[in-house]
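Trainee: I am new to this structure and would like a close look at a single part, the charged side-chain pairs. Please start there and then set that part against the rest.

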Amino acid sequence: MAKAGNRRILTALSLQGGGALGAYEYGAVKALYEKRGKGFRPRVVAGVSIGAINAALLVGAKGDPLTALDRLWRERLCVSWPSLFDSSWTGLFPWSANNLIERNLSFLGNAGMYQLRPEFFFMPAFAWLHNSSLYDTSFLRETLLDFVDPEKLNRPEETRLIMTAVNVKTGQLSRFDNSRMKLTFDHIIASGSFPVTFPMTQIGEDFFWDGGVFMNMPVGEAVNALEQIEADNPDIEREVIVIELHRMQADLPKTIPEAAERFYNLIFSGKFSLDRKLYDRYDSFVDLMREIDRTIPADSPIRNHRGYKMMTRHRKMDRAMVIGEEGTGATGSGGDFSRSALNRRIEAGYRDAMAFFKRNPL
């Protein structure tokens with residue numbers, strides 16, 4: 001928790017989904033923790049899909065969260081291939097065969113997250129008729145067991161942790177909130193159960209898919225949770241920090257893979273830039289309601305009106321910051337878990353965030 005003058009700052013962090021692009025999130029979070037100093041802890045962390053996995057380690061890691069995230073992205077989720085060529089040969093090619101293989105190797109599986117179902121190896125022509133997903137996610141459960149302490153996930157008095165998933169049967173968005181339920185590994189896996197690629201995750205009698213199908217940027221969850229914390233404390237400043245993995249604007253694609261990547265980005269972009277005017281109006285609305293609340297007599301019957309109570313419950317967000325819209329950004333395919341791609345994204349996230357904080361000091 002940082003301070004601005006004599007006022008304490010409560011920070012909410014919104015982590016988006018994007019597969020292997022989540023390495024960029026780690027780089028940006030690393031920069032945030034360095035800038036805010038020792039002892040910094042977000043008061044709210046909301047995540048979806050890979051953002052939910054990052055959030056789980058950030059809040060519930062065994063040991064230091066940044067160390068855990070570094071190991072996760074540089075080691076556990078990294079898909080590598082033994083070099084096929086001597087270094088003297090690779091220099092002869094525009095890009096090496098080794099890099100090309102590694103960029104697509106995660107199609108066969110990722111030892112930290114998922115594995116291709118055997119049926120698709122041995123009877124691919126029929127496997128799709130008997131399965132609702134290409135992979136199973138048992139490896140992800142093993143990773144969570146190694147990295148996350150379930151008890152630390154459930155300390156809302158320290159950090160409120162929220163993940164989202166879609167109920168496959170009802171089509172409704174479900175919110176898994178450690179202030180309202182005990183979070184388990186199933187909730188994390190459910191938030192990242194991207195349809196067709198990964199299987200539905202059963203929790204109780206319900207089945208869930210990736211929350212990004214409904215909304216891939218849980219900024220609303222972060223803001224709503226932050227409003228509720230120390231709601232009547234006038235010495236609090238509230239900020240929400242969004243890490244954007246899918247830019248709204250980009251160069252025109254020149255190839256089919258580039259077109260597919262651009263299409264994916266547009267679908268799953270948080271579209272936060274479209275909401276900037278709405279957030280400005282929201283803050284003006286909160287200020288207006290505060291003035292009205294001061295003006296209306298204490299015994300006015302309107303204070304008992306349900307709508308009035310709902311409106312006065314909202315709190316102003318003093319800052320809304322978006323990392324990832326400028327600088328290098330989280331580029332490339334969300335399915336590229338190669339070592340070079342993950343390391344590049346970590347460094348890009350760190351560099352972009354540091355540049356952002358330099359332009360926007362606390």
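Mentor: Glu 151 has a relative accessible area of 46%, which makes this residue partly exposed. The model is a predicted one. The side chain of Glu 151 meets that of Lys 182 in a salt bridge, at 3.8 Å from N to O. The cut-off for such a bridge is 4 Å, so a distance of 3.8 Å still counts. This pair links distant parts of the chain, with the two positions 31 residues apart: Glu 151 belongs to helix H9 (residues 150–153), while Lys 182 sits in the loop between strand S8 (173–177) and helix H10 (185–191). Lys 182 is exposed, at 55% relative accessible area.

A second pair is made by Arg 359 and Glu 326, whose side chains form a salt bridge at 2.7 Å, N to O. Arg 359 is in helix H15 (residues 339–359) and Glu 326 is in the loop between strand S12 (319–323) and H15, so this bridge ties together parts that are 33 residues apart in sequence. Arg 359 is partly exposed, with 45% relative accessible area. Glu 326 also counts as partly exposed, at 49% relative accessibility. Elsewhere, salt bridges with shared partners join Arg 36, Glu 237, Glu 239 and Arg 319 into one network.

A third pair stays inside one helix. Asp 70 and Arg 74 meet through their side chains in a salt bridge of 2.8 Å, N to O. Both belong to helix H3 (residues 65–76), and being 4 residues apart there they are separated by about one helical turn. An α-helix has 3.6 residues a turn, so residues three or four places apart point the same way. Side chains of opposite charge can pair when their charged atoms come close. Asp 70 is partly exposed at 23% relative accessible area, and Arg 74 is partly exposed at 22%. The cut-off for buried is under 20%, so neither value falls in that class. In total, the structure holds 13 salt bridges.

One charge is placed over a ring. Lys 30 lies over the face of Tyr 350, 5.5 Å from the ring centre.

Rings also pair with each other, and the count of aromatic pairs comes to 8. One of them is Tyr 114 with Tyr 135, an edge-to-face pair with 4.7 Å from centre to centre and 70° between the planes. Tyr 114 lies in strand S5 (residues 114–116) and Tyr 135 in strand S6 (residues 135–136), so the pair ties together parts that are 21 residues apart in sequence. Tyr 114 is buried, with a relative accessible area of 6%, and Tyr 135 is buried as well, at 5%. Ring pairs link these two tyrosines, Tyr 114 and Tyr 135, with Phe 198 in a cluster.

Now the surface. A nonpolar patch of about 980 Å² is made by Phe 107, Leu 108, Phe 121, Phe 122, Met 123, Phe 126, Trp 128 and Leu 129. Helix H6 (119–122) and helix H7 (124–130) are the elements that give two or more residues to this patch. H7 gives the most, with 3 residues. Met 123 is in the loop between H6 and H7, and at 39% relative accessibility this residue counts as partly exposed.

Helix H2 (residues 50–60) gives another picture. Of its 11 residues, 11 are buried, so the helix is largely enclosed by the rest of the structure. Among the buried residues of H2 are Ile 50, Asn 54, Leu 57 and Gly 60.

Asn 265, in helix H12 (residues 256–268), is buried too, at 11% relative accessibility. Apart from neighbours within four places in sequence, Asn 265 is in contact with His 246 and Arg 247.

These parts belong to a protein with 15 helices and 12 strands. Of its 362 residues, 47% count as buried. The accessible surface is about 18,500 Å², and 57% of that belongs to carbon and sulfur atoms. Among contacts with a separation of 6 or more, residues 24 or more positions apart account for 72%.

Key: Residues numbered from 1 in each chain as written. Predicted model: local features only at pLDDT ≥ 70, side-chain atom pairs only at ≥ 80, totals over all residues. Heavy atoms only, no water. Phe/Tyr/Trp six-rings, centres within 6.5 Å; stacked < 30°, edge-to-face > 60°. Buried < 20%, exposed > 50% of the residue type's maximum accessible area, 1.4 Å probe, protein only. Lys NZ or Arg CZ within 6 Å of the ring centre and 35° of its normal. Patch = residues over 30% accessible without salt bridge, like charges linked within 9 Å, V, L, I, M, F, W, Y side chains within 5 Å. Areas by Shrake-Rupley, 256 points an atom, 1.4 Å probe, with all protein chains shown as cover. Contact = heavy atoms within 4.5 Å.
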